[in-house]
Amino acid sequence: MVFGRFFGKGQTSRFECVYTECKSLCCKENLVVLNEDDAAAFERLGIKLADATENMGLNDFLSLLGSTPIKQLDGLEVVCLKKDAGGNCRFLDSEDGCCKIYDDRPYFCREFPFKFSKGGIKKKDPICPGLGRGEEMDVSALKDVLGLSGLDVKAPLLVGDESKLKTSKALMSMVFRLMR
Ligand code: SF4
Ligand code: SF4
């Protein structure tokens with residue numbers, strides 16, 4: 001899984017996706033957590049969340065990110081893409097190694113192998129063999145290439161008890177900002 005292996009900061013990076021070479025490694029390795037915009041995109045595509053996703057306890061998710069569990073968030077869950085029996089994302093085409101929903105892929109998939117903050121590139125995931133390939137790009141050019149231009153980073157979509165959700169969203173947004 002993606003968590004706990006990021007490094008690097010900066011304003012520029014070289015990157016070129018070499019999915020034929022790595023056999024779409026990130027679509028096997030990563031746990032893809034959806035945000036509200038991703039869920040809305042699935043709805044537009046007629047993809048039922050219940051078919052495409054499974055939930056994970058929010059505190060289990062935070063533990064994977066290296067964060068201490070927060071008692072107030074107990075009982076809430078995040079929504080993750082399902083994997084097939086081979087551990088691949090269910091939207092990965094086994095024939096050509098491409099994403100079947102590429103134009104509407106989740107924010108997490110677009111941003112990989114980077115995490116951006118207001119200051120620039122906050123993290124890079126060293127498992128991606130596309131890092132250090134291609135031309136040196138600034139953040140704006142990288143975001144263009146990744147299909148992130150005009151999209152806002154959002155905290156994971158939370159599901160669970162309605163009354164608890166109301167009080168937990170602000171807390172989760174704050175935790176999410178700190179974790180990135
Ligand atoms: S983003 Fe990196 S790990 Fe993912 S398919 Fe492209 S080169 Fe491979
Ligand atoms: S949704 Fe597409 S890009 Fe994201 S992990 Fe699945 S196959 Fe890869």
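In this conversation a biologist asks a modeller how the labels used for this predicted model are justified.

Biologist: Before we begin, how are things numbered, and what counts as reliable in a predicted model?

Modeller: Residues are numbered from 1 along each chain as its sequence is written, while chains are lettered from A and ligands numbered from 1 in the order in which they are written. Since the model is predicted, local features need pLDDT of at least 70 and side-chain atom pairs count only at pLDDT 80 or more, whereas totals for chains, interfaces and linings use all residues.

Biologist: What makes you trust the chain, and where is confidence lowest?

Modeller: pLDDT is the predictor's confidence in each residue, from 0 to 100. The chain averages 91, and 98% of the residues score at least 70. Confidence is lowest in helix 8 (residues 162-179), with a mean of 78, and highest in helix 6, at 97. Where pLDDT is low, the coordinates should not be read in detail.

Biologist: Why is Ser 24 called buried or exposed?

Modeller: We count other C-beta atoms, placed from the backbone, within 10 Å of the residue's own: 20 or more means buried, 12 or fewer exposed, and anything in between partly exposed. Ser 24 has 21 such neighbours, so Ser 24 counts as buried.

Biologist: And Lys 23, buried or exposed?

Modeller: Lys 23 has 12 C-beta neighbours inside 10 Å, so Lys 23 counts as exposed. Lys 23 lies in the loop between helix 1 (19-22) and helix 2, and Ser 24 is in the loop between helix 1 and helix 2 too. Lys 23 has a positive phi of about 60° although it is not a glycine, and phi of Ser 24 is near 55°, also positive in a residue other than glycine.

Biologist: What makes 12-15 a strand, and how do you know which strand pairs with it?

Modeller: Helices (H or I, at least four residues) and strands (E, at least two) are DSSP runs, numbered from the N terminus. Two strands pair if DSSP finds at least two bridges between them. Four bridges join strand 1 to strand 6, and the two run antiparallel; Arg 14, for instance, has Glu 136 in strand 6 as bridge partner. Strand 1 has a covered face, Ser 13 and Phe 15, and an uncovered one, Thr 12 and Arg 14.

Biologist: How do you know which residues Gly 134 touches?

Modeller: Two residues are in contact if their C-beta atoms, placed from the backbone, lie within 7 Å. Leaving aside neighbours within four places in sequence, Gly 134 is in contact with Arg 14, Phe 15 and Glu 16. Gly 134 sits in strand 6 (residues 131-138) and is partly exposed, with 14 other C-beta atoms within 10 Å.

Biologist: What makes strand 4 and strand 5 a pair?

Modeller: Four bridges join strand 4 (residues 114-117) to strand 5 (residues 120-124), running antiparallel. They form a hairpin with two residues between them. Lys 115 has Lys 123 in strand 5 as bridge partner, and Lys 123 is partly exposed, with 17 other C-beta atoms within 10 Å.

Biologist: Why does the sheet of order 2-3-7 have edges?

Modeller: This open sheet has three strands with antiparallel pairing. Strand 2 (53-57) and strand 7 (158-159) each have a single partner strand, so one side of each is left without a neighbour in the sheet. Strand 3 (residues 77-81) pairs with strand 7 over two bridges, and the partner of Glu 77 there is Val 159.

Biologist: What makes a set of residues a nonpolar core, and how many does the largest have?

Modeller: A core is a set of buried Ala, Val, Leu, Ile, Met, Phe, Trp, Tyr and Cys residues joined through C-beta atoms within 7 Å. The largest has 24 residues, and those with the most contacts inside it include Val 33 and Phe 108. Strand 3 gives the most to this core, with four residues.

Biologist: How do you know what surrounds ligand 2?

Modeller: A residue is near a molecule if its C-beta atom, placed from the backbone, lies within 6 Å of it. Among those around ligand 2 are Cys 27, Cys 89, Cys 99, Arg 105 and Cys 109. Ala, Val, Leu, Ile, Met, Phe, Trp, Tyr, Cys and Pro count as nonpolar, Asp, Glu, Lys and Arg as charged, and the others, Gly among them, as polar. This shell divides into 10 nonpolar, no polar and one charged.
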